[in-house]
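Reader: Please take one part of this model and look at it closely. I would like the strand pairing in detail, then its setting in the rest of the chain.

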Amino acid sequence: MPAVIAALTLLVTLVAPGLAGAQQPDPNGAQQPAPGDNYIVATDITFAPFEFQDESGKLVGIDMDLLAAIAEDQGFDYTVNAVGFDAALQAVTGGQANGMIAGMSITDARKATFDFSDPYFESGVQMGVLEDDDSIASYEDLRGKSVAVKNGTEGATYAESIKSQYGFTTKYFADSSSMFDEVRTGNSAAVFEDYPVLAYGIKQGNGFKTVTDKVPGASYGFAVAKGQNAQLLQQFNAGLANLKSNGQYEDILARYLDTDASTDDNSILGLIKSTWKLLLEGLWLTVLLTVVSIAIALVLGAIFGLFRVSTNIVLRGIGTTYVDVFRGTPLLVQAFFIYFGIPAALDFQMSAFTAGIITLSLNAGAYMAEIVRGGILSVDKGQMEASRSLGISYLKSMQKVVMPQAVRTMIPSYINQFVITLKDTSILSVIGLAELTQTGRIIIARNYQSFNMWLIIGVMYFIIIMALTKLSNRLEKRINR
């Protein structure tokens, strides 16, 4: 399988720049910045007010403005790789990024893996409940209930530290909007959140209120991998000190923490009007990933499908191994392994777009191989025997007699796999690809209108998938005439 992945990496790397257009550049040289100090900085994408996208699609927030001001003060260039908090951690430790700024708390456990800058924000934790919930006013009211927390945050750390004392359980989520939705559904009673994030959400009209005083928490810091990128860390510290002395630091904080409540139109029509460009960009990337991956998967499926029915035991074993590996492991694990695991092990960098194409192609190719095998086996064995009895070679018989009949039965399954792969693109949000589902998460992180946004995105998926389904039905009818 490494040979297959290497070949696909080369292929996609050659074509990706022309296809991925607006995607983030491949972070080559993550551990050795190019001349002029051009760094790759990983970040979260759904942690307002520290990092989130505005209505124009620009990544903004306290962290983003601080980074921009420090880079200008210190004279270095950088590219932001917005992949999400968990993926950002792996990007830094795996060499895909030089540093990370994502509201990351400085803890003793993390100091074993990362080197941190001087603190740039003093955090704290508050508990929030629905604004019409008067049954919970303190930690004592949580006994026997569950609370929602976000991976890697001070809120999660504090909740864990007191949950045995107050008798509640914790549920972990990848982003703040998912935590709030968990409480809205009634499955959890409260959220524990970093106080500026909770305060920002309340001002955006997320329907929550705070019921406890702020508990002092750990400080936020800029992080690099242990023993790496010392120059970047020094530049960040020097720039931060300059911003604090000249007043820019306080101006940046006030820009987001003292903001007024949102007056945006968050109705379905209002959201469509304000986000349609972002949604179409996400849809385009979803379709692009699907089409390119399916095109490659068709070739892989044909090759390994023929291997699966080959009379050669070695080829049959190769085909079986490929299918078993990629059908027998979750797509999410494959995405992490290809994007983070292989580059770290072999010491090279790979763009998220390239990794996404390879992941989807290999996964879909395994299912395509089974479609090919099933199609070939559906053809009566007498067809092959009759062809061979006329002196036609095995390969020629397969090409001229068996495959034309097999393809007729395979086309509906191919369309079905196309639909499945289109839906599977949503999993690639974990490596930072802003396809349609990730675009929805990004928008929700800004306005917290989860119901309306998921309804809009669900309708978009439904229209595309129904169109493909109708196409499949028409093709099947034409073939069977």
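Author: Start with strand β7, in what is a predicted model. Strand β7 pairs with strand β11, residues 208-210, through three bridges. The two strands run antiparallel. Within this pairing, Val129 has Lys209 of β11 as its bridge partner.

β7 has further partners. Strand β10, residues 190-194, is joined to β7 by four bridges. This pair is antiparallel too. Here Met127 stands opposite Phe192 of β10. Strand β12, residues 215-220, is also joined to β7 by four bridges. Again the direction is antiparallel. Phe121 of β7 is matched with Tyr220 in β12.

Now the cover over β7. The strand spans residues 121-130. Eight of its 10 residues are buried, so the strand is mostly covered; buried here means under 20% relative accessible area.

Next, helix α6, residues 176-184. Its buried residues are Ser176, Ser177, Met179, Phe180, Glu182 and Val183. Gly186 follows α6. The phi of Gly186 is positive, near 90°.

Now the nonpolar cores. In soluble globular proteins, nonpolar side chains tend to be buried together. The largest nonpolar core in this model has 46 residues. Leu289, Tyr322 and Leu433 touch the most other members of that core. Several elements each supply at least two of its residues. Among them are strands β1 (38-43), β6 (114-116) and β13 (223-225). Helices α3 (85-93), α10 (268-308), α11 (313-327) and α12 (331-346) are also on that list. So is α13 (352-378). The largest share, nine residues, comes from α13.

Take Leu289 on its own. Leaving aside residues up to four places away in sequence, Leu289 touches Phe353, Ile357 and Leu360. Leu289 also touches Thr425, Leu428, Leu433 and Glu435. Apart from the largest core lies another, of 41 residues. Tyr39, Ala48, Phe76 and Tyr120 are among its members.

The model also has enclosed space. Two cavities of 30 Å³ or more are counted. The second largest holds about 40 Å³ of space. Its lining includes Asp44, Phe47, Phe85, Ala102 and Gly103. Lys150, Asn151, Gly152 and Thr153 line this cavity as well. By class, the lining has three nonpolar, four polar and two charged residues.

One more residue gives a sense of distance. Ser413 sits in helix α15, residues 394-424. Ser413 counts as partly exposed because its relative accessibility is 32%. Between Ser413 and Asn38 there are 47 Å in space, C-alpha to C-alpha. In sequence, Ser413 and Asn38 are 375 residues apart.

Last, the whole chain. The protein chain has 17 helices and 13 strands. Of its 481 residues, 51% count as buried. The C-alpha atoms fill a box of roughly 90 × 55 × 45 Å along the principal axes. Among contacts in the chain with a separation of 6 or more, 77% join residues 24 or more positions apart.

Back to the strand in question. β7 is joined to β11 by three bridges, to β10 by four and to β12 by four.

Terms used. Residues are numbered from 1 along each chain as its sequence is written. This is a predicted model: local features need pLDDT of at least 70, side-chain atom pairs count only at pLDDT 80 or more; totals for chains, interfaces and linings use all residues. Side-chain values use heavy atoms; hydrogens and water are left out. A nonpolar core is a set of buried Ala, Val, Leu, Ile, Met, Phe, Trp, Tyr and Cys residues joined through side-chain atoms within 4.5 Å. Buried means under 20% relative accessible area, exposed over 50%, partly exposed in between (1.4 Å probe, protein chains only). Contact means heavy atoms within 4.5 Å. On a 1 Å grid over the protein atoms alone, a cavity is a set of points where a 1.4 Å probe fits but cannot get out, and a pocket is an open set with protein on both sides within 12 Å along at least five of seven lines; lining residues have an atom within 4 Å of a point. Grid points are joined across faces, edges and corners, and a volume is the space filled by probe spheres set on the points. Ala, Val, Leu, Ile, Met, Phe, Trp, Tyr, Cys and Pro count as nonpolar, Asp, Glu, Lys and Arg as charged, and the others, Gly among them, as polar. Two strands pair if DSSP finds at least two bridges between them.
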